[in-house]
Amino acid sequence: MTRWTMTGALLATALAVPLSTPAHSAPASAPASLYAPSALVMTTGHGEKAATTTPERAVTVNCAYTTSGTHPDPRQACADLDRVNGDLDRLATLRGNETGQPCTREYRPIVVTVQGVWRGTRINYEHTFANPCIKETQGAAAFAF
């Protein structure tokens, strides 16, 4: 229940911030609303399933007309999502092990969840990595938070 409460609050904040700016503050050349909403809440926590894991970190990513959010690199996160056209299963194994960093074979699962809206489509996604090293070397930069 805590996960849903926190996710709901973060998603509401991510959606409200772009809407709360006055209309006259937008540049005259900016399109009014040609972009479908793209606001996501991403969480991580140690465990095998999100339902039984307490979130340890949560970030927001807003990829509408401009990129924003509490993610350490929202621009790269949005670029990763664009590259896979929002297919989060491909995003979870986007990089392979490009870093060349060796990972141990320890099993210390970490769950990544993504909830929100991507280009107008509701997202409720969960992926478990074997350990944090695997998450950092295999997962896309969008999961690096």
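1. In this predicted model, Ile110 stands opposite Phe129 in strand E5. Nine bridges join strand E4 to strand E5 (residues 121-129), and the two strands run antiparallel. The student may begin at this pair of residues and follow both strands from there.

2. The hairpin of E4 and E5 deserves attention at its turn. Two residues lie between the strands, and Arg119 takes a positive phi near 50 degrees in this hairpin. Arg119 is not a glycine, although its phi is positive. The place of Arg119 is the loop between E4 and E5. How exposed is Arg119? Its relative accessibility is 41%, so Arg119 counts as partly exposed; the partly exposed class lies between the limits of 20% and 50%.

3. Strand E4 also pairs with strand E1 (residues 39-46): eight bridges join them, and they too run antiparallel. Within this pairing, Ala39 stands opposite Val117 in E4. Strand E4 is thus joined by bridges to E1 and to E5.

4. Is strand E4 enclosed or open to the surroundings? Nine of the nine residues of E4 are buried, so the strand is largely enclosed by the rest of the structure. The reasoning rests on a cut-off, since a residue counts as buried when its relative accessible area is under 20%.

5. Thr113 serves as an example from this strand, as it lies in E4. Because its relative accessible area is 4%, Thr113 is buried. Its side chain makes a polar contact with the side chain of Thr43, at 2.2 Å. Thr113 may also be set beside Lys49: these two residues are 64 apart in sequence, and their C-alpha atoms are 9.6 Å apart in space.

6. The overall arrangement may now be described. The protein chain contains four helices and five strands. Along the sequence, these elements follow the pattern α-β-β-β-α-α-β-β-α. The pattern thus has a helix at its beginning and a helix at its end.

7. Several totals describe the chain as a whole. The protein chain has 145 residues, of which 38% count as buried. Its accessible surface comes to about 8,200 Å², and carbon and sulfur atoms account for 55% of that area. As for contacts between residues at least 6 apart in sequence, 60% of them join residues at least 24 apart.

8. How many disulfides does the structure hold? There are two. If the bonded cysteines of the protein chain are numbered in sequence order, the pairing reads 1-2, 3-4. Each disulfide is treated in turn below.

9. One disulfide is formed by Cys63 and Cys78, with their sulfur atoms 1.9 Å apart. This pair links distant parts of the chain: Cys63 is in strand E2 (residues 57-63) and Cys78 is in helix H2 (residues 74-83), with 15 residues from one to the other. The angle about the S-S bond is -85 degrees, and the link of Cys63 and Cys78 is left-handed. Both Cys63 and Cys78 are buried.

10. Cys103 and Cys133 form a disulfide as well, with their sulfur atoms 2.0 Å apart. Here too the pair links distant parts of the chain, 30 residues apart: Cys103 is in the loop between helix H3 (88-91) and strand E4 (110-118), while Cys133 is in helix H4 (residues 132-138). With -75 degrees about the S-S bond, the link of Cys103 and Cys133 is left-handed.

11. Are Cys103 and Cys133 buried or partly exposed? Cys103 has a relative accessibility of 24% and therefore counts as partly exposed. Cys133 has a relative accessible area of 17% and is therefore buried. The limit that separates these two classes is 20%.

12. A final point concerns Asn85, a residue other than glycine whose phi is positive, near 55 degrees. Asn85 lies in the loop between H2 and H3. Because its relative accessible area is 54%, Asn85 is exposed; the exposed class holds residues over 50%. Arg119, which also has a positive phi, counts as partly exposed.

Methods:
Residues are numbered from 1 along each chain as its sequence is written. This is a predicted model: local features need pLDDT of at least 70, side-chain atom pairs count only at pLDDT 80 or more; totals for chains, interfaces and linings use all residues. Side-chain values use heavy atoms; hydrogens and water are left out. Buried means under 20% relative accessible area, exposed over 50%, partly exposed in between (1.4 Å probe, protein chains only). Contact means heavy atoms within 4.5 Å. Accessible areas come from the Shrake-Rupley method with a 1.4 Å probe; for residues, only the protein chains shown count as cover. A disulfide is a pair of cysteine sulfur atoms within 2.5 Å. Two strands pair if DSSP finds at least two bridges between them. A polar contact is a pair of N or O atoms within 3.5 Å; within protein, one must be able to donate a hydrogen and the other to accept it, and residues adjacent in sequence count only if both atoms are side-chain atoms.
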